Amino acid sequence: MTAYVIRRLLWLPIVLFAVSFLSFVIMRFGPGDPVTVAAGQYRDPEVLARIRAEKGLDDSLPVQYWRWVSAAARGDFGESILQRTFTVSELIFPKMWISAQLGIVALAIVFAVGIPLGLIAARLNGTWADPFIVSSLLFLQAIPVLVLIPPLLWLFALQFRILPVGGWGGLLDVYWVGGVIAIPIPDPHLYLPLLAYTIGGFAGVARLVRVTALEVTREDYIRTARAKGLPEATVLFRHILPNSLLPIVTSVGLALASVIEGAFFVETLLGIPGIGSFLFEAARSRDYDTIMASTVIIATVFVIANLLVELTYGFIDPRVRVQASR
Amino acid sequence: MATASIERSAERDVHAGRGQWRELWTRLRRKRLALISLAIIAVIYGAGLSAPLVAPYAYTEQNLDRALEGPTRDHWLGTDRLGRDMLSRAMYSARTTLIVTAAVLLTGSILIGNGLGMLAGYRGGWIDNAIMRVGEVVSSLPGIPMLILINAGLAPRAIEAARWLENHTPLSGLVASGFPSYLIVFAGLSLFSWIGTARLIRALVFQLRERDFIMAAEGLGAPGGRVVVRHILPNVAFLIVLQISSGLGAIAGSEIVLTWFGVGVQPPVPSFGAMLFDGSGARTFQSHPHVLLVPGVIVTLLLYAFVLLGDAINDAFAHR
């Protein structure tokens with residue numbers, strides 16, 4: 001197990017190198033450079049050339065890349081071009097935190113809804129409801145967030161006026177009853193983004209749980225459990241459920257990927273000041289250091305999370321370790 | 001998850017003969033949903049294919065006096081904010097979807113994915129190691145941010161290159177046709193779409209390599225290329241079909257998403273992504289819902305059809 005963990009951990013720097021190097025080269029390969037972007041309308045070639053020399057943009061690509069890596073390793077991701085007085089780190093980390101809060105709550109909902117839904121769907125296998133449930137789940141997975149959000153916004157924010165049009169107000173609002181009892185209530189800004197984040201995710205998890213639960217139900221030990229007269233609840237919760245949950249661990253990685261990708265559209269459409277909408281703006285205005293930092297940080301989170309998922313899986317199921325070592 | 005079940009059915013299907021296509025079709029024909037999905041895909045792709053012939057207006061034709069009109073007799077699906085005919089825009093957007101999905105599928109999945117997968121599986125050793133490691137790095141990258149980066153960074157270069165080609169060769173109209181942005185979108189998507197196919201094919205080829213008929217062919221002195229083309233390829237062909245059905249929807253969706261972000265297919269070439277973006281404000285939806293609903297309904301139908309079809313094909317293979 002230790003060898004397996006070490007081997008997987010060694011993988012991390014390689015992937016991070018690939019991400020940062022690729023991003024760096026692609027950014028520099030595009031037209032212009034940070035100085036021309038920062039200069040905007042002001043274009044005195046001599047001044048630009050001097051700034052370029054000062055910033056070391058005339059050096060060769062590997063040298064520049066190395067300078068970026070060594071600065072990034074110290075936590076210095078450079079300065080934002082768009083918001084000049086801020087360093088990239090000052091801008092990014094608060095936004096990361098907002099996205100992370102949303103993402104974690106979304107993941108929790110995906111599994112809290114998806115697992116029971118999948119088990120119910122598996123129970124109904126063979127009835128008239130079965131094809132209906134499966135195709136509804138597929139539909140929820142297929143409908144793009146881009147199509148879904150505007151009508152929802154119109155309905156809840158403009159017609160019924162019960163939800164805000166967008167923005168961010170933290171996770172919980174605390175209401176004081178009589179100045180003594182505090183009641184935490186989810187902030188109204190949360191409902192639409194969470195709905196948009198989770199709708200495809202829980203459908204996917206439910207489909208996966210349904211399929212695995214059906215497979216497990218056909219196993220001999222389930223027949224044995226039923227044959228020896230165990231109550232149906234025991235069969236379901238002690239035998240079917242634990243064995244169906246194993247593949248779910250891998251789907252955490254998939255769900256996480258869909259939440260990270262969803263962040264771009266949901267945050268942009270709903271005006272949530274997270275890392276997704278931030279990178280969207282940065283990419284449009286070619287804010288070099290910001291784009292580099294956001295991409296690399298998102299990739300790091302993505303890779304580490306996937307690594308954790310893989311390690312968990314290897315921990316639960318020894319067969320995975322054996323396969324990986326071959 | 002789908003990968004696991006595909007792989008499982010793949011193991012079983014190694015034994016299947018040439019009749020597998022007919023059997024697949026027979027099974028598929030019995031599923032009404034699969035047929036409806038096929039019909040939806042055929043209609044949307046057919047509209048894209050015939051857009052230049054059938055579309056009532058050119059996709060750039062503006063009529064600002066009649067901007068943002070709902071469906072009328074002249075404009076069956078209404079007009080957008082520049083008074084362009086939505087039906088024509090949608091048909092040309094379908095053509096964009098058609099071009100991008102076909103190109104990515106052919107290169108990314110079928111050529112690169114299958115080629116590398118078969119190479120890795122058949123040769124094994126360090127070639128296999130190198131291909132699979134590179135694939136592992138690629139699949140560890142977060143797709144959408146990297147694609148945004150690639151498209152934002154490289155699209156201007158591609159347009160420059162196309163201009164140069166226009167100026168120095170008899171070719172013309174390259175930039176106007178949207179060719180450079182198609183190229184970048186499809187190169188970026190191919191970069192990320194080959195690895196899934198390669199993994200599946202490699203696993204299957206590994207099993208095939210041990211089987212008697214392959215060993216017999218090798219023993220009789222058939223060169224590697226012939227073994228791969230004549231003996232291995234027919235046996236992995238059904239997997240390629242599975243990949244097509246599961247991959248097309250994802251590829252179509254990615255192009256729409258990238259264009260929505262403004263880094264995919266560039267205007268004035270129409271794409272569902274650009275059309276969705278135009279209609280994506282809640283206020284716009286309140287006053288002119290058709291601007292979102294026209295592309296939204298088509299895209300949802302198309303993606304849903306792909307998912308349903310993929311599910312049906314998967315079932316048809318699994319239940320033999």
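**Exercise 1. What share of the contacts in chain A with a separation of 6 or more comes from residues 24 or more positions apart?**

Let's work it out in steps.
- First, the term: two residues are in contact if their C-beta atoms, placed from the backbone, lie within 7 Å.
- Now take the contacts in chain A with a separation of 6 or more: 71% of them join residues 24 or more positions apart.

A quick word on what you're looking at: this is a predicted model, where local features need pLDDT of at least 70, side-chain atom pairs count only at pLDDT 80 or more, and totals for chains, interfaces and linings use all residues. Residues are numbered from 1 along each chain as its sequence is written, while chains are lettered from A and ligands numbered from 1 in the order in which they are written.

**Exercise 2. Describe chain A as a whole, and say how confident the predictor is about it.**

- Start with the elements: chain A has 13 helices and two strands. These are DSSP runs, numbered from the N terminus (helices: H or I, at least four residues; strands: E, at least two).
- Next, the extent: along the principal axes, the C-alpha atoms of chain A fill a box of roughly 85 × 60 × 45 Å.
- Then the confidence: pLDDT is the predictor's confidence in each residue, from 0 to 100. Its mean over chain A is 81, with 94% of the residues at 70 or more.
- Last, the extremes: among the elements of chain A, helix α13 (residues 318–325) has the lowest mean pLDDT, 59, and helix α9 (residues 220–227) the highest, 90.

**Exercise 3. Find the hairpin in chain A and check how covered its β1 strand is.**

- Look at β1(A), residues 172–177, and β2(A), residues 181–186. They pair in the antiparallel sense over six bridges; pairing takes at least two DSSP bridges between the strands.
- Pick out one bridge: A:Leu172 has A:Pro186 as its partner in β2(A).
- Go to the turn: three residues sit between the strands, and A:Gly178 there has a positive phi of about 65°.
- Check burial (buried means 20 or more other C-beta atoms within 10 Å of a residue's own, exposed 12 or fewer, partly exposed in between, with C-beta atoms placed from the backbone). None of the six residues of β1(A) is buried, while buried residues make up 34% of the 326 in chain A.

**Exercise 4. Describe the side of chain B that touches chain A.**

- Count the residues: 38 of chain B are in contact with 44 of chain A.
- Find the main supplier: α7(B) gives the largest share of that side of chain B, 11 residues.
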